[in-house]
Amino acid sequence: MADEYVVDGAQLECTMGAAPSTLSILPLHRVQLRGKNRANIGDCKPFANISPFGACKVTSPPKPCTPACVKWLGGKADLLVDGEPALLKSGMLVCSAGGGMISIKDSGQ
């Protein structure tokens, strides 16, 4: 099966988080797929793009998650969304706050 483009509302999971999260794409991109804003590899800002994953399992005692990341790995270089490669469902992030691997469980399409 071909990789899917990620859009607003995609479901995320972190290996160190206690709960799933949702990806929010700000309307600044103005590039849509099936009526939803399309994501790029730069859409990883805590709280603006990525909601917390509940409690972080790395902290003791567990504290609320604050995702910390730079850019998604797994973009489509030949399709730019607002100057950055489009994000694919196979993309992943490493959270520098807790060392968790953030993956995309559902593209949002």
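**Strand pairing, salt bridges and cysteines**

Strands β8 and β9 form a hairpin with six residues between them, and G99 in the turn has a positive phi of about 80°. The model under discussion is predicted. Within this hairpin, β8 (residues 84-94) and β9 run antiparallel and are joined by three bridges. L93 has I102 as its bridge partner in β9.

Strand β9 (residues 101-106) also pairs with β1 (residues 11-14), again in the antiparallel sense, over four bridges. Here C14 stands opposite I102 of β9. I102 is thus named in both pairings, as the partner of L93 and as the residue facing C14.

Side-chain contacts add to this picture, beginning with the salt bridges, of which the structure holds three. One of them links K105 and E13, whose closest N and O atoms are 3.6 Å apart. Because K105 lies in strand β9 and E13 in strand β1, the pair ties together parts that are 92 residues apart in sequence. K105 is partly exposed, with a relative accessible area of 47%, and E13 is likewise partly exposed, at 39%.

Another salt bridge involves strand β8. E84 meets K71 with the closest N and O atoms 2.7 Å apart. E84 belongs to strand β8, while K71 sits in the loop between β6 (63-64) and β7 (73-81), so this pair ties together parts that are 13 residues apart in sequence. E84 is partly exposed, at 22% relative accessible area, and K71 counts as partly exposed at 39%.

A further salt bridge joins the side chains of D78 and K76, at 3.1 Å from N to O. D78 counts as exposed, at 62% relative accessibility, whereas K76, at 29%, counts as partly exposed.

The aromatic residues can be treated briefly. A search of the whole structure finds zero aromatic pairs. There is, however, a contact between a charged side chain and a ring: R38 lies over the face of Y5, at 4.6 Å from the ring centre.

The cysteines remain to be considered. The count of disulfides is zero. For C56, the nearest cysteine sulfur is that of C65, 6.1 Å away; a disulfide requires the two sulfur atoms to be within 2.5 Å, so this pair does not qualify. C56 counts as buried, at 13% relative accessibility. C69 is in no disulfide either, the nearest cysteine sulfur being that of C44 at 4.0 Å. C69 also counts as buried, with a relative accessibility of 17%.

Technical notes
Residues numbered from 1 in each chain as written. Predicted model: local features only at pLDDT ≥ 70, side-chain atom pairs only at ≥ 80, totals over all residues. Heavy atoms only, no water. Buried < 20%, exposed > 50% of the residue type's maximum accessible area, 1.4 Å probe, protein only. Phe/Tyr/Trp six-rings, centres within 6.5 Å; stacked < 30°, edge-to-face > 60°. Lys NZ or Arg CZ within 6 Å of the ring centre and 35° of its normal. Pairing = 2+ DSSP bridges. Helix = DSSP H or I, 4+ residues; strand = E, 2+ residues; numbered from the N terminus. Salt bridge = Lys/Arg side-chain N within 4 Å of Asp/Glu carboxyl O.
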